[in-house]
Amino acid sequence: MKRLLYTFITTKQSGVIPNLFRILLMPLCWLYRSIVSIRNYCYNVGIRKQKKLPCTVISVGNIVVGGTGKTPAAATIARMLQKKGKRVAILLRGYKRRSTKKVLFVSDGENHLCTREESGDEADMLARQIINVPIVVGKQRYQTGKAALDRFNSEILILDDSFQHRQLARDLDIITIDATRPYGTNALLPIGSLREPKAAVQRADIILLTRTDAIDIQIQNLRKQLKSLAPNTLILESVHQPTSLSPLNNKDKHSTIPLQDLKGKRILAVCGIGNPTAFVATIEKFHPEIVELFAFPDHHVYTESDIQNIHEQMKRCNTEWIITTQKDEQKLADHTTELPILVLAVELVITNGENVLLDKLQISNTK
């Protein structure tokens, strides 16, 4: 049922049952819109006050449920600022984490301080990918940010997935928009995947378009649409660039498989992420013979039964390799399996506008 509901919300399904379901949920959609509008109005006019921290705060979020590249964007911005000599920490809510601590230190930049189950998927992934950037989890961003400042003396805090969390004042609001499906299903929750109406993009300082290499000439049309919604908002572009392909549970970090070896291979793509079709598109850039998708709901926790189903799907499709994402890596690694599972590492690269971002933060580009 959970998988069915997730598919319904995040895809534009048609038919008698989906349409009936939408009609039944329409009152909840109207209620949701009203709550979002009232809450934003209260912040806009100052009825609800934002709290400030004595440091630079950058928010990276989106207006669509899952899969727009906000966490890779947060990682890229953190690395970019780190190269400029800034002390950076990343704060997350910790979606689906098991720990009940109000503030959970996931990483101090060098050491992993808790388990994936305690921290949640994204926080665990960031802690494994980024060196010398502390990762801290907590529902209340102000409280979490204050704890990060006290422990790490950070100069810049990056809030992952916080466009709708307006309690903590920010110096820069960035939203990521997937160029291949900018407005998700074009409907608000719970009948669609929009967290807010499209007009909410005007609240952002920067719109970072992701996967812009996947739509070619259509990017100009998307830019025009966004400019009509948010004429004063800067629009930057980025791509998801594969960086390595390595075996699951790879103990030798230098043992990788050339990405070019994907050419001509029969691939089964296995993932539990917000935009599985984009993952397939990334693999297809390397010209495999075929890519079959076996998708699970976002943040899916794999079971032994899932591993068996993946094995059976691999045999049915006669595929040579199974390729998964970094977000799924640790959850699949929890299971003992001889399946030929490879992990595709991907990094978000800002293709134009990196200097604009640094200028917005008043950070020198010459360091």
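**Exercises on strands and cores**

β7 and strand β8 (residues 234-247) pair in the parallel sense, over four bridges. The model is predicted.

**Exercise 1.** Find the residues that stand opposite Ile 207 of β7 in the two strands that pair with β7.

*Solution.*
- Step 1. Start with β8. Ile 235 is the bridge partner of Ile 207 there.
- Step 2. Turn to strand β6 (residues 172-178). Five bridges join β6 to β7, in the parallel sense.
- Step 3. Ile 175 stands opposite Ile 207.

**Exercise 2.** Decide how many residues of strand β7 (residues 206-210) are buried, and list them by side.

*Solution.*
- Step 1. Count. Five of the five residues in β7 are buried.
- Step 2. Sort them. Ile 206, Leu 208 and Thr 210 are on one side. Ile 207 and Leu 209 are on the other.
- Step 3. Conclude. Both faces of β7 are covered.

**Exercise 3.** Is Val 343 buried or exposed? Place Val 343 in its strand and list its contacts beyond four places in sequence.

*Solution.*
- Step 1. Val 343 belongs to strand β12 (residues 341-352).
- Step 2. Its relative accessibility is 3%, so Val 343 counts as buried. The cut-off is under 20%.
- Step 3. The contacts are Ser 244, Leu 245, Ser 246, Leu 248, Thr 324, Thr 325, Gln 326 and Glu 329.
- Step 4. Check Glu 329. It is 14 residues from Val 343 along the chain, yet their C-alpha atoms are 6.6 Å apart.

**Exercise 4.** Which helix gives the largest share of the largest nonpolar core?

*Solution.*
- Step 1. The core has 35 residues; Ile 77 is among those that touch the most other members.
- Step 2. Helix α3 (residues 70-83) gives the largest share, seven residues.

Key
Residues are numbered from 1 along each chain as its sequence is written. This is a predicted model: local features need pLDDT of at least 70, side-chain atom pairs count only at pLDDT 80 or more; totals for chains, interfaces and linings use all residues. Side-chain values use heavy atoms; hydrogens and water are left out. A nonpolar core is a set of buried Ala, Val, Leu, Ile, Met, Phe, Trp, Tyr and Cys residues joined through side-chain atoms within 4.5 Å. Buried means under 20% relative accessible area, exposed over 50%, partly exposed in between (1.4 Å probe, protein chains only). Contact means heavy atoms within 4.5 Å. Two strands pair if DSSP finds at least two bridges between them.
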